[in-house]
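Here are my notes for you, one point at a time. Keep the 3D view open and click along as you read.

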Amino acid sequence: MRTLRFVLGDQLDRRVAALQDLAPGDVVLGAEVRAEATYVRHHKQKIAFLFSAMRHFFAEIEADGALVDYRRLGRHETFAEALEAAVREHRPDLVVVTEPGEWRVLADMRGWEARVGVPVEIRDDDRFFADHSDFARFAEGRRELRMETFYRDMRRSTGTLMDEDGNPVGERWNYDHDNRKALPKDVVMPRRPRYEADAITREVIGLVEAEFGDHFGTLDAFNWPVTRADALAALDEFLAACLPRFGDFQDAMAVGEPQLFHSLLSPLMNCGLLRPREVVARAEAAWRDGAAPLNAVEGFIRQILGWREFIRGVYWLKMPDYRETNTLAARRPLPQFYWDGETDMRCMAETIRATRDNAYAHHIQRLMVTGNFALLAGIRPAEIEEWYLIVYADAYDWVELPNVHGMATFADGGLFASKPYAASGAYIDRMSDYCRHCAYDVKAKTGDEACPFNYLYWNFLIEHRERLSQNRRIGMIYKSLERMPEERRRAIVASARRFLEEVAPMEREGAVPGLARSPVRTDPLGSHGGECGGRVVPAAGAPARR
């Protein structure tokens, strides 16, 4: 019996389920299809990273003896078309695939058997610690899902960071409280390795610029590992140079330092070049060998064994209807500066510039800067969710949607977030040096000179008082709001409305809202490159401050 094994671009692991019983004579299919690069206008670096990683992966397994049918961009528009053509050519008795990471692809995949006229076996993706049934058992009977509870269950079931008596090492489950230090002025940043582009990667970069030149982002700073060997080297480098200080400063932000001590390993895990189990095991070994402190190792492992697994569980438990909720009735369109970075808010411009240049920003920049602004401003969930899916190299629907829908925008009403992650400028000032380089005054609460996060924060609380005031985690904040003089509350609301009508005016009544689409620009941040230390000179008739 001849089997055709279709491996998708986020399944680049020789141990992936579809390849586990690869036999002589089987054909391994890979395909670059335009539909996957354009269903949203993905960052150029994301497309280049995946196409290059795919070409390297399939070339490597072919060199090791596998029969490979690799179809480059331009031959087929969709996965189904590529499979249909491969079935006609190779005439297999069976098609084997691994479950995809996105609901829309799974829905399409379930129709492949009828389309190609050959049995299609969809295998579970066993690269994760927990399968769908594991998470369903965890969620059964719970009105609210909490990552911390799930994370402790995962620690127990895997034995990760547990002692011989079944207790957490260090007698604590979570060291998050220790991992909120601001970055000292004299801290020395680790030197990041350079992954020189080989002929394959250079060809792919040229292809992406030619075919997807109007997508968001630039390719100038492309520096992603695109092979298994380079991915393992990136893991080694992180463990040695970054992990020891990762914990202390994992929530910190700094001008001109988008990476700090973060791993940048999530794109490599999400496409299969690294295996989550090996990453967690290596991190734990670093602590047991005395090479990294427990607070750093626990914080890093929690991101993988905890958040990554939990978010995937939520996605598959709640899809396909999950994305339709909009609990806070957020209706404003996504501001233009999410695409061009032209704003006087230094934290936003800095994060968007890093995103444009690197297809990367770390979790606090995503949650507490761009996500926080979207929450406070009442941006439509569908628009900000699409933005995150477009701009980051590690973004796939299964990981992006719950993080943004549930954590950043609270659009699911608190399915797994115990409160909205809303913060004023004070939080950004405490965790970064952005405010010292900003045109706005983080100490001012209202008026044109005030940091917009300040009045947007209080305006958000005022607007959603009926829904949120009974939330125990923010009850004290509402007591402060009740003590606030009425004149100050009116000034807050007036400042917020004036600002929001400039940057994200509500569409006229009856207009059909559309999803955000990144505009075509040759310089997405303008000639000032997103710097906000001074005031940007506006075009004639444009608002002076954004």
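1. Let's start with the strands. This is a predicted model, and in it β2 runs parallel to strand β3 (residues 67-71), with five bridges between the two. If you want one pair to click on, take Leu-29, which stands opposite Asp-69 in β3.

2. Now look at the other neighbour of this strand. β2 also pairs with strand β1 (residues 3-6), again in the parallel sense, over three bridges. Which residue of β2 is the bridge partner of Phe-6? That is Leu-29, the residue you just clicked on opposite Asp-69.

3. How many of the residues of strand β2 (residues 27-31) are buried? Five of its five, so the strand counts as mostly covered, given that buried means under 20% relative accessible area. Val-27, Leu-29 and Ala-31 point one way, while Val-28 and Gly-30 point the other way, and all of them are buried.

4. Go back to β1 and look for its pairing with β4. The strands β1 and β4 run parallel and are joined by four bridges. Here Arg-5 stands opposite Val-96 in β4. Keep Arg-5 in mind, since this residue is also part of a salt-bridge network with Asp-21, Asp-26, Glu-121 and Arg-123.

5. Strand β4 (residues 94-98) is mostly covered, with five of its five residues buried. On one side you find Leu-94, Val-96 and Thr-98, on the other Val-95 and Val-97, and both faces are covered. β4 also pairs with strand β5 (residues 120-123), in the parallel sense and over four bridges. For a pair to click on there, Val-97 has Ile-122 in β5 as its bridge partner.

6. Next, the charges. Side chains of opposite charge can pair when their charged atoms come close. How many salt bridges does the count come to? The answer is 42. I'll walk you through three examples.

7. First example: Arg-34 and Glu-211 form a salt bridge, and their closest N and O atoms are 2.8 Å apart. Arg-34 belongs to helix α1 (residues 34-38) and Glu-211 to helix α8, so this pair ties together parts that are 177 residues apart in sequence. Are these two buried, exposed or partly exposed? Arg-34 is partly exposed, with a relative accessible area of 24%, and Glu-211 is partly exposed as well, at 37%.

8. Second example: Glu-203 forms a salt bridge with Arg-55, with the closest N and O atoms 3.7 Å apart. Glu-203 sits in helix α8 and Arg-55 in helix α2 (residues 44-63), 148 residues apart, and the pair links these distant parts of the chain. Glu-203 is partly exposed, with a relative accessible area of 42%, whereas Arg-55 is buried, at 7%.

9. Third example: Asp-125 and Arg-127 form a salt bridge, their closest N and O atoms being 2.8 Å apart. Asp-125 has a relative accessible area of 9% and is therefore buried. Arg-127 counts as buried too, at 13% relative accessibility.

10. For a contrast, turn to the surface. Asp-163, Glu-164, Asp-165 and Glu-171 form a negative patch there. Where does Asp-165 lie? You'll find Asp-165 in the loop between α7 (147-158) and α8 (199-211). Asp-165 is exposed, because its relative accessible area is 66% and the cut-off for exposed is over 50%.

11. A loop residue can also be buried, as Ala-417 shows. Ala-417 is in the loop between α18 (397-408) and α19 (425-431), and its relative accessibility is 3%. Try measuring from here to Leu-145: the two residues are 272 residues apart along the chain, and their C-alpha atoms are separated by 8.1 Å.

12. One last distance to try. Tyr-338 is found in helix α14 (residues 337-340) and is buried, with a relative accessible area of 0%. Between the C-alpha atoms of Tyr-338 and Phe-416 there are 26 Å, and the two residues are 78 residues apart along the chain.

Note on methods
Residues numbered from 1 in each chain as written. Predicted model: local features only at pLDDT ≥ 70, side-chain atom pairs only at ≥ 80, totals over all residues. Heavy atoms only, no water. Patch = residues over 30% accessible without salt bridge, like charges linked within 9 Å, V, L, I, M, F, W, Y side chains within 5 Å. Areas by Shrake-Rupley, 256 points an atom, 1.4 Å probe, with all protein chains shown as cover. Salt bridge = Lys/Arg side-chain N within 4 Å of Asp/Glu carboxyl O. Lys, Arg positive; Asp, Glu negative; His and termini not counted. Charge placed at Lys NZ, Arg CZ, Asp CG, Glu CD. Buried < 20%, exposed > 50% of the residue type's maximum accessible area, 1.4 Å probe, protein only. Pairing = 2+ DSSP bridges.
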